[in-house]
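Dear colleague,

I am passing the structure on to you with this message, and my notes on it follow below. Please read them with the model open beside you.

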Amino acid sequence: MKVRVMSRTTEEIHSQPELWRRVASVDTSALPAPDQRIAVIGCGTSWFMAQAYCSMRTAVTGAPSYAYTATEFPYSDVDTVVCLSRSGTTTEVVDVLKKTREAGIPNLLITAVSPGPGTPFADKEIVLDFADEQSVVQTRFATTALAFLLGSLGFDVEAAASDCERALATEIPERWAKAEQITFLGTGWTIGLANEAALKCREASQSWTEAYPAMEYRHGPISIAQPGRLTWVFGKVPEGMADQIAATGAELVTSDLNPLAQLVLAQRVAVARAEDRGLNPDTPRHLTRSVILK
Ligand code: F1P
């Protein structure tokens with residue numbers, strides 16, 4: 001009998017409910033005040049978490065909150081730049097810390113590891129070291145940082161954590177692991193989650209995924225839908241879309257889980273797709289824990 005050893009990535013995925021619950025005791029005083037105009041920057045997964053946070057922050061506080069991948073931050077008029085980086089070593093993020101320091105723009109670094117190369121240039125730091133992980137493919141640091149940020153806006157982290165337990169107990173259908181392609185869709189703050197779910201599958205399983213704001217789907221991307229492929233919607237399915245997807249023959253995947261917990265389901269699908277292809281999610285092709293440029 002073949003005994004499958006649980007990947008490190010899977011172990012880290014399963015630790016998420018407990019870690020999300022711990023954010024309630026993390027000090028939020030270093031976060032920008034609710035009326036501040038902010039930019040949140042990061043790369044890869046951290047950028048997508050920034051998208052989710054900024055969307056919800058703008059919706060809740062009304063204060064402009066912009067997410068940028070680190071190199072695209074325009075150094076325009078914001079009150080604070082929040083830099084999100086699990087490793088704290090990503091070159092493009094360290095560059096933003098340096099340049100905002102030079103420009104006199106207040107900054108905050110949220111990371112799992114301190115001190116790091118960005119620490120000397122950070123005005124403030126929030127260290128979520130309890131959520132650090134060994135995997136190259138980020139799961140728990142990203143969602144824990146997001147739970148912390150959303151929690152500061154009044155998001156019910158405890159409810160998400162109990163839904164996360166359900167997401168971890170849900171059986172992943174084999175056809176999801178074997179689907180030829182997946183398109184992830186989201187609305188508002190869940191657009192960042194859709195982007196992250198798609199990235200997770202690409203990183204862990206080298207499989208074809210796409211991600212869009214849900215209302216963009218009918219403006220072209222739906223042409224990819226066909227039998228054997230999935231359209232996975234975070235949150236509410238826009239009116240009329242379920243019938244349109246059914247007509248393509250693709251499977252529509254929805255969930256009553258909190259979207260943050262639904263992202264955990266997508267992380268598990270990424271691992272299942274890797275294993276189905278005989279890949280080890282702990283050793284993703286061409287990737288390193290962080291990108292450090294010469
Ligand atoms: C950002 C990141 C990861 C990605 C890859 C390279 O890292 O893009 O999201 O999985 O390993 O680095 P960080 O700045 O959040 O440490």
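In which strand is Glu-210 found? Before the answer, please keep in mind that this is a predicted model. Glu-210 is found in strand β7, which covers residues 209–213.

Which side chain of opposite charge is nearest to Glu-210, and how far away is it? The nearest one is that of Arg-229, at 7.7 Å, and Glu-210, although buried, has no salt bridge. That distance does not qualify because a salt bridge, as counted here, needs a side-chain nitrogen of Lys or Arg within 4 Å of a carboxyl oxygen of Asp or Glu. The side chain of Glu-210 does, however, make a polar contact with the side chain of Tyr-212, at 2.4 Å. Leaving aside residues up to four places away in sequence, Glu-210 touches Gln-181, Ile-182, Thr-183, Phe-184, Ala-198, Arg-202 and Ile-224.

**Salt bridges**

Side chains of opposite charge can pair when their charged atoms come close. The structure holds 13 salt bridges, and I describe some of them here.

Arg-21 forms one with Glu-165, where the closest N and O atoms are 2.8 Å apart. This pair links distant parts of the chain, since Arg-21 belongs to helix α2 (residues 16–22) and Glu-165 to helix α6 (residues 157–169), with the two positions 144 residues apart. Both partners are partly exposed, Arg-21 with a relative accessible area of 33% and Glu-165 with one of 38%. Arg-21 and Glu-165 are also linked with Glu-158 in a network of salt bridges.

A second example is found in helix α7 (residues 174–178), where the side chains of Glu-174 and Lys-178 meet in a salt bridge with an N to O distance of 3.9 Å. Why do I note their positions in the helix? Because Glu-174 and Lys-178 are four residues apart, they are separated by about one helical turn. Glu-174 is exposed, with a relative accessible area of 56%, whereas Lys-178, at 46% relative accessibility, counts as partly exposed.

In a further salt bridge, the side chains of Arg-175 and Glu-251 meet at 2.7 Å, N to O. Here again distant parts of the chain are linked, with Arg-175 in helix α7 and Glu-251 in strand β9 (residues 251–253), 76 residues apart. Glu-251 is partly exposed, its relative accessible area being 22%.

**The parallel sheet**

Five strands form an open sheet with parallel pairing, and their order is β2-β1-β3-β4-β5. The edge strands, each of which pairs on one side only, are β2 (65–69) and β5 (124–127). On average, and with direction ignored, neighbouring strands of this sheet are turned by 20° against each other. Helix α3 (residues 45–61) lies across β1 (38–42), β2 and β3, and runs at about 170° to β2.

Within this sheet, strand β3 (residues 80–85) and strand β4 (residues 107–111) run parallel and are joined by five bridges. Leu-84 stands opposite Ile-110 in β4, while the bridge partner of Cys-83 in that strand is Leu-109.

Are the faces of β4 covered or uncovered? Both are covered, with Asn-107, Leu-109 and Thr-111 buried on one side and Leu-108 and Ile-110 buried on the other, so that, with buried meaning under 20% relative accessible area, five of the five residues of β4 are buried.

With best regards

Notes: Residues are numbered from 1 along each chain as its sequence is written. This is a predicted model: local features need pLDDT of at least 70, side-chain atom pairs count only at pLDDT 80 or more; totals for chains, interfaces and linings use all residues. Side-chain values use heavy atoms; hydrogens and water are left out. Buried means under 20% relative accessible area, exposed over 50%, partly exposed in between (1.4 Å probe, protein chains only). Lys and Arg count as positive and Asp and Glu as negative; His and the chain ends are not counted. A polar contact is a pair of N or O atoms within 3.5 Å; within protein, one must be able to donate a hydrogen and the other to accept it, and residues adjacent in sequence count only if both atoms are side-chain atoms. Contact means heavy atoms within 4.5 Å. Two strands pair if DSSP finds at least two bridges between them. Axes are lines fitted to C-alpha atoms, for helices over the stretch in contact, and angles run from 0 to 180 degrees between N-to-C directions.
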